[in-house]
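Hi,

Here is the structure I promised to pass along. Have a look at it first, and my notes on what turned up follow underneath.

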Amino acid sequence: MPTVAPLDLEGHVVTSAFLGDIPVFATAAGTIHRLDGGEKVTEAHQGLLACVKDVSNQTLVTGGEDGKVLRIAHDGSVSELAHVPRKWISVVAAGPQGAVGYSYGKVAHVRLADGTTKDFTEERTVEGIDFAPKGMRIAVARYNGVTLHWVGTSGAPVDLEWKGAHTGVTFSPDGRFVVTMMQENALHGWKLDGKANDTRHMRMTGYPAKVKSLSWSVKGKWLASSGAPAAIVWPFSGKDGPMGKAPLELGTRANIMVSQVAFHPAEEVLAIGFVDGMIIAVRIADGKEALLRRPGKGAITSMGWSANGKLLAFASDAGDCGVIDITA
């Protein structure tokens with residue numbers, strides 16, 4: 001059984017991640033806790049709504065009820081990227097070359113590293129933003145589909161339509177697919193072939209609950225998802241992705257739902273967190289399972305691997321957090 005270094009915080013913890021070698025935990029109250037020679041606390045927001053890790057420079061990008069978009073470094077220092085008084089920043093995204101995406105209402109904003117901002121207005125409320133892995137391009141999730149925008153060039157936006165509410169969006173690591181989480185119990189995907197009119201649909205349905213967590217495997221061959229009493233893992237290695245293929249079901253537990261999934265940074269191993277606080281790791285190749293943490297307080301709300309894949313930070317909606325050493 002791996003060793004667990006526990007950390008007990010108050011209330012709901014939104015994000016757990018490693019910035020370099022330092023585990024950090026962001027709470028819904030707006031505090032950022034770092035385990036750096038002891039626990040250090042940064043008061044970042046009055047109410048934190050969104051938080052993502054910027055892999056390119058090992059920082060957190062956060063949005064809050066105070067209308068602020070912040071970048072938080074591994075030493076706890078805070079840079080304000082945007083401030084929109086009286087607006088809630090509920091969507092943030094980290095892109096290439098220091099670019100950051102954020103939104104409120106019907107407008108998606110992209111702030112470039114030099115401080116200039118590009119605005120993209122949608123017909124409906126923006127629910128999610130993701131940056132393409134190559135080129136400065138964003139996908140914006142909204143009601144009835146996704147819009148693809150080029151940032152900084154005059155290329156026309158591409159509308160990917162599918163009826164219903166799309167609540168989050170992700171590009172595949174090779175940029176060939178866009179997948180959304182939906183308000184109904186489903187994912188929806190599009191294959192991008194470079195031609196505006198040549199996009200193919202993928203319906204990924206059959207979930208008993210809403211999908212709230214997605215994770216791509218290191219080379220993008222697999223997309224893991226929550227929303228069932230097992231991790232549902234779709235194959236994306238073929239040219240048409242999961243079209244016509246059944247997903248893997250990993251870590252099945254009778255009636256206990258998966259709440260978070262996080263692929264290992266180097267191997268095809270998936271960490272699976274459940275609503276009862278339990279965490280297991282499963283190897284894709286043979287389905288072999290390893291218990292990482294016994295059930296605890298609250299549903300797992302976030303998991304983040306260290307760069308070398310030896311440590312896993314986790315958090316729950318009851319403030320039950322910690323770091324698991326899987327080599328121990």
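One thing before the details: this is a predicted model. On secondary structure, the protein has 30 strands and zero helices.

Next, the overall build. The radius of gyration is 19 Å, which agrees with the value near 20 Å that a compact globule of 328 residues would have. Along the principal axes, the C-alpha atoms fill a box of roughly 55 × 45 × 30 Å. Of the 328 residues, 54% are buried. If you look at contacts with a separation of 6 or more, 40% of them involve residues 24 or more positions apart.

As for the outside, the accessible surface comes to about 14100 Å², and carbon and sulfur atoms account for 49% of that. The protein carries 33 positive and 33 negative charges, and the mean positions of the two sets are 5 Å apart.

Now to the inside. The largest nonpolar core has 15 residues, and those touching the most other members are A231, V233, L250, F263, L270 and I272. At least two residues of this core come from each of strand 21 (222-225), strand 22 (231-235), strand 24 (258-263), strand 25 (269-274) and strand 26 (279-283).

If you want one residue to click on, try F263. Leaving out residues up to four places away in sequence, F263 touches S215, W216, S217, W222, A224, V233, E268, V269, L270, I284 and W305. Two of the names there, V233 and L270, also appear with F263 among the core residues that touch the most other members.

Cheers

Definitions and conventions: Residues are numbered from 1 along each chain as its sequence is written. This is a predicted model: local features need pLDDT of at least 70, side-chain atom pairs count only at pLDDT 80 or more; totals for chains, interfaces and linings use all residues. Side-chain values use heavy atoms; hydrogens and water are left out. Helices (H or I, at least four residues) and strands (E, at least two) are DSSP runs, numbered from the N terminus. The radius of gyration is taken over C-alpha atoms; the globule rule is 2.2 Å times the number of residues to the power 0.38. Buried means under 20% relative accessible area, exposed over 50%, partly exposed in between (1.4 Å probe, protein chains only). Contact means heavy atoms within 4.5 Å. Accessible areas come from the Shrake-Rupley method with a 1.4 Å probe; for residues, only the protein chains shown count as cover. Lys and Arg count as positive and Asp and Glu as negative; His and the chain ends are not counted. The place of a charge is taken as NZ of Lys, CZ of Arg, CG of Asp or CD of Glu. A nonpolar core is a set of buried Ala, Val, Leu, Ile, Met, Phe, Trp, Tyr and Cys residues joined through side-chain atoms within 4.5 Å.
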